[in-house]
Amino acid sequence: MTQLDKLKIMLGIKDDLQDDVIGLLIDDVQEDLLSWTNRTELPVRLESAQRQIVVIRYNMQGVEGQTSHSEGGVSRSFDDLPQSIRNTVTQYRLAKLVGYAT
């Protein structure tokens with residue numbers, strides 16, 4: 001089962017109308033994870049974190065960066081990433097090595 005298929009199940013999407021958007025989010029999150037972990041390939045164990053971040057970004061479409069909102073007794077606020085996802089990503093981070101010219 002592909003990441004796209006798994007995400008559609010998580011999001012409750014039955015048709016193909018959102019495939020392009022979800023595919024773009026998958027690619028963007030993969031690039032972010034590779035950058036955050038200093039890797040060139042995404043470890044299989046980070047695929048779950050990738051899906052979780054895609055779901056967060058999918059649900060935040062149209063309200064990106066919002067830190068607080070109240071309307072009709074409903075209050076919402078958004079943070080960057082939940083600590084549990086940050087902890088998972090940090091476990092797979094590679095240290096950058098800097099060499100000195102001699």
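This is a short guided tour of the structure above, stop by stop, with something to select at each one.

**Getting your bearings**

Keep in mind that you are looking at a predicted model. Colour the chain by secondary structure and you should find four helices and two strands. Following the sequence from its start, the elements come in the order α-α-α-β-β-α. The protein has 102 residues, and 28% of them count as buried. If you look at contacts between residues at least 6 apart in sequence, 55% of them link residues at least 24 apart.

**Stop 1: the start of the chain**

Select methionine 1, in the segment before α1. Is methionine 1 buried or exposed? Its relative accessibility is 69%, so methionine 1 counts as exposed. Leaving aside residues up to four places away in sequence, methionine 1 touches Lys6 and Ile9.

Now move on to glutamine 3, which belongs to helix α1. Here the relative accessibility is 14%, so glutamine 3 counts as buried. Show its surroundings and, beyond residues up to four places away in sequence, you will see glutamine 3 touching Ile26, Glu47, Gln50 and Arg51.

**Stop 2: where α1 meets α2**

Next, show α1 and α2 together. A general way to describe two packed helices is by the angle between their axes and the distance between the axes. For α1 and α2, the axes come within 10 Å and cross at roughly 115 degrees. The two helices are therefore roughly perpendicular to each other. Their crossing is right-handed. To see the contact itself, select Gln3, Leu4, Leu7, Lys8 and Leu11 on the α1 side, then Asp19, Ile22 and Ile26 on the α2 side. Sorted by class, the residues of this contact are five nonpolar, one polar and two charged.

**Stop 3: where α2 meets α3**

Keep α2 on screen (residues 19-37) and add α3 (residues 47-59). Which angle do these two helices make? They pack at about 125 degrees, and their axes are 9 Å apart. That angle makes α2 oblique to α3. This crossing, too, is right-handed.

Show side chains along the contact. From α2, select Ile22, Leu25, Ile26, Asp28, Val29, Gln30, Asp32, Leu33 and Trp36; from α3, select Gln50, Ile53, Val54, Arg57 and Tyr58. By class, the contact of α2 with α3 holds nine nonpolar, two polar and three charged residues.

**Stop 4: along α3**

Stay with α3 and try a quick check with your distance tool. At 1.5 Å a residue, the 13 residues of α3 should span 18 Å, and the C-alpha atoms at its ends are indeed 18 Å apart, so the two agree.

Which residues of α3 are buried? Highlight Ala49, Gln50, Arg51, Ile53, Val54, Val55 and Tyr58. The cover over these buried residues includes α1 (3-11), α2 and α4 (83-91).

Now pick arginine 57, also in helix α3. With a relative accessible area of 28%, arginine 57 is partly exposed. Apart from residues up to four places away in sequence, arginine 57 touches Leu25, Asp28, Val29, Asp32 and Trp36. Draw a C-alpha to C-alpha line from arginine 57 to isoleucine 22: they are 35 residues apart in sequence and 9.6 Å apart in space.

**Stop 5: the loop between α2 and α3**

Step back to asparagine 38, in the loop between α2 and α3. What is the phi of asparagine 38? Asparagine 38 has a positive phi of about 60 degrees, although it is not a glycine. Its relative accessible area is 23%, so asparagine 38 is partly exposed.

**Stop 6: the loop before α4**

Finish at leucine 81, in the loop between β2 (74-76) and α4. Leucine 81 is buried, with a relative accessible area of 13%. Which residues does leucine 81 touch, not counting residues up to four places away in sequence? They are Trp36, Ile53 and Arg86. Take one of these partners for a last distance: leucine 81 and isoleucine 53 are 28 residues apart in sequence, and 7.7 Å apart in space from C-alpha to C-alpha.

Terms used
Residues are numbered from 1 along each chain as its sequence is written. This is a predicted model: local features need pLDDT of at least 70, side-chain atom pairs count only at pLDDT 80 or more; totals for chains, interfaces and linings use all residues. Side-chain values use heavy atoms; hydrogens and water are left out. Axes are lines fitted to C-alpha atoms, for helices over the stretch in contact, and angles run from 0 to 180 degrees between N-to-C directions. Angles under 35 degrees count as roughly parallel, over 145 as roughly antiparallel, 65 to 115 as roughly perpendicular and the rest as oblique. A crossing is left-handed if the near helix is turned anticlockwise from the far one by less than a right angle, and right-handed if clockwise. Contact means heavy atoms within 4.5 Å. Ala, Val, Leu, Ile, Met, Phe, Trp, Tyr, Cys and Pro count as nonpolar, Asp, Glu, Lys and Arg as charged, and the others, Gly among them, as polar. The expected span of a helix is 1.5 Å times one less than its number of residues. Buried means under 20% relative accessible area, exposed over 50%, partly exposed in between (1.4 Å probe, protein chains only).
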